[in-house]
Amino acid sequence: MTQTALAEPQTADLMAKFDGLIAERAALLAAGVTDPFAIVMDEVRSPTEAVIKGRETILLGTYNYMGMTFDPDVLAAGHAALDAFGSGTNGSRMLNGTFRDHMEAEAALRDFYGTSGAIVFSTGYQANLGMIATLAGRGDYVILDADSHASIYDGCSMGTAEIVRFRHNSVEDLAKRLARLPAEPAKLVVLEGVYSMLGDVAPLKEMVAVAKRHGAMVLVDEAHSMGFFGEHGRGVYEAQGLEGEVDFVVGTFSKSVGTVGGFCVSNHPKFEAIRLACRPYIFTASLPPSVVATAAASIRKLMHAHNKRQHLWENARALHGGLTALGFKLGTETPESAIVAVILGDQNQAVAMWQALLESGVYVNMARPPATPAGTYLLRCSLCAEHTPEQIKAVLARFEAAGKAVGAI
């Protein structure tokens, strides 16, 4: 009697799903192009200058909107906290991970925004992830813009609420979607002040009015507007006169504040309960004391950064106007924010132009789907309050040369 040998089971390769992506990247690099998503800063000399591959480079893709990364007072606060408390916390905020400077950063946020509550998260991503997943539960609804940031979508995926999308920046579609929902369940409308790919601003005033008419609460992500929109730099919601009408404001330290971390502020009387229920807050290590110390110092300086705000807007108008005059297709008809997006025909043209700019000493972000809407390839420029008029002129000259070389203009 023979015994049939059992065949070894085949192991399914979980990495096989990435074969197409790997092949696409390999083909890109085989053409002699630098990987746009693997840039290494050899040296950073200022908020607007770095050395990349031994070449002096103007930084035009860092989100360092207010140029706080080298501010002497901010650096001094970080050094002092590092000396006093060491390099890390080794714990969650709920256990041993709350230090003096975490409390100071939250106090600075309350003062900056004029709110009763502020919670600091370890990243801006976690702030959206945690707030959305915690606020909206089973049987509730989250209504969000179709072009929302990945962290907003991931917050929806992590939670148990029903998800409803509306067309990007469409007040009419938001109203239509809300009208179709049952009246009884709780609803959270999630919006962004500035959308990071094209740099366009949301019509928050009209959208918040629609949300309130349908009994929905509102969360606005002001990551790309904090520091320079509104009288106090609080964001688009302040600029559009919505203080007191927005229930939750989410933001990040990695843009205008100049470090890393995230936060949410609110005047809701029960806001502190979020600390007891929010998994991305409870189950992760807190930020190092040196980081929150720099954040607190930066936020307090941003409260009085009126000249910086004015200069940033001057830079945005100068770059947007210059690129428009050269014939480039931009993401917005007018300079709506500190983000200026240059729309290219396809990925090959976008990569070629990105490479030409880098080799001429200008660093911008190349963006492609899924970060951008389907079929959209762009170069994203992020202005800084510290860019000089001479740097803007140099950038425009190099854009002209690169654009002509690749047939974009």
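This report describes the pockets, one helix, one strand and selected backbone angles of a predicted model.

**Pockets**

Empty space can be located by rolling a probe the size of a water molecule over the atoms. The two pockets with the greatest volumes are set out below.

| Pocket | Volume | Lining residues | Nearest the centre | Lining composition |
|---|---|---|---|---|
| Largest | about 950 Å³ | 41 residues | His149, Ala150, Ser196, Met197, Arg380 | 17 nonpolar, 17 polar, seven charged |
| Second largest | about 200 Å³ | 14 residues | Thr115, Gly244, Val246, Asp247, Asn267 | six nonpolar, six polar, two charged |

The largest pocket encloses about 950 Å³ of space. Among its 41 lining residues, His149, Ala150, Ser196, Met197 and Arg380 lie closest to the centre. Two or more lining residues come from each of helix 4 (124–135), helix 5 (150–158), strand 9 (248–252) and strand 13 (365–367).

**Helix 7**

Helix 7 covers residues 204–213, and its residues Leu204, Met207, Val208, Val210 and Ala211 are buried. Viewed down the helix axis, these buried residues fall within an arc of 160 degrees and therefore line one face of helix 7. Such a pattern can be read against the geometry of the α-helix: there are 3.6 residues a turn, so residues three or four places apart point the same way. The packing partners of the buried residues of helix 7 are strand 6 (162–166), helix 6 (171–180), strand 7 (187–192), strand 8 (217–221) and helix 8 (236–239). After helix 7 comes Gly215, which has a positive phi near 75 degrees.

**Strand 4**

How many of the residues of strand 4 are buried? Five of the five residues in this strand (117–121) are buried, so strand 4 is largely enclosed by the rest of the structure. In a regular strand, side chains alternate between the two faces of the sheet. In strand 4, Gly117, Ile119 and Phe121 point one way, whereas Ala118 and Val120 point the other way, and all are buried. Strand 4 runs antiparallel to strand 10 (residues 262–266), to which five bridges join it. Within this pairing, Phe121 stands opposite Gly262 of strand 10.

**Positive phi outside glycine**

Most residues other than glycine have a negative phi. Lys53 has a positive phi near 55 degrees and is located in the loop between strand 2 (49–52) and strand 3 (55–59). With a relative accessibility of 62%, Lys53 counts as exposed, because the cut-off for that class is over 50%. Asn169, which is not a glycine, also has a positive phi, of about 55 degrees. Asn169 belongs to the loop between strand 6 and helix 6.

Technical notes:
Residues are numbered from 1 along each chain as its sequence is written. This is a predicted model: local features need pLDDT of at least 70, side-chain atom pairs count only at pLDDT 80 or more; totals for chains, interfaces and linings use all residues. Side-chain values use heavy atoms; hydrogens and water are left out. On a 1 Å grid over the protein atoms alone, a cavity is a set of points where a 1.4 Å probe fits but cannot get out, and a pocket is an open set with protein on both sides within 12 Å along at least five of seven lines; lining residues have an atom within 4 Å of a point. Grid points are joined across faces, edges and corners, and a volume is the space filled by probe spheres set on the points. Helices (H or I, at least four residues) and strands (E, at least two) are DSSP runs, numbered from the N terminus. Ala, Val, Leu, Ile, Met, Phe, Trp, Tyr, Cys and Pro count as nonpolar, Asp, Glu, Lys and Arg as charged, and the others, Gly among them, as polar. Buried means under 20% relative accessible area, exposed over 50%, partly exposed in between (1.4 Å probe, protein chains only). The arc is that of the directions from the helix axis to the C-beta atoms. Contact means heavy atoms within 4.5 Å. Two strands pair if DSSP finds at least two bridges between them.
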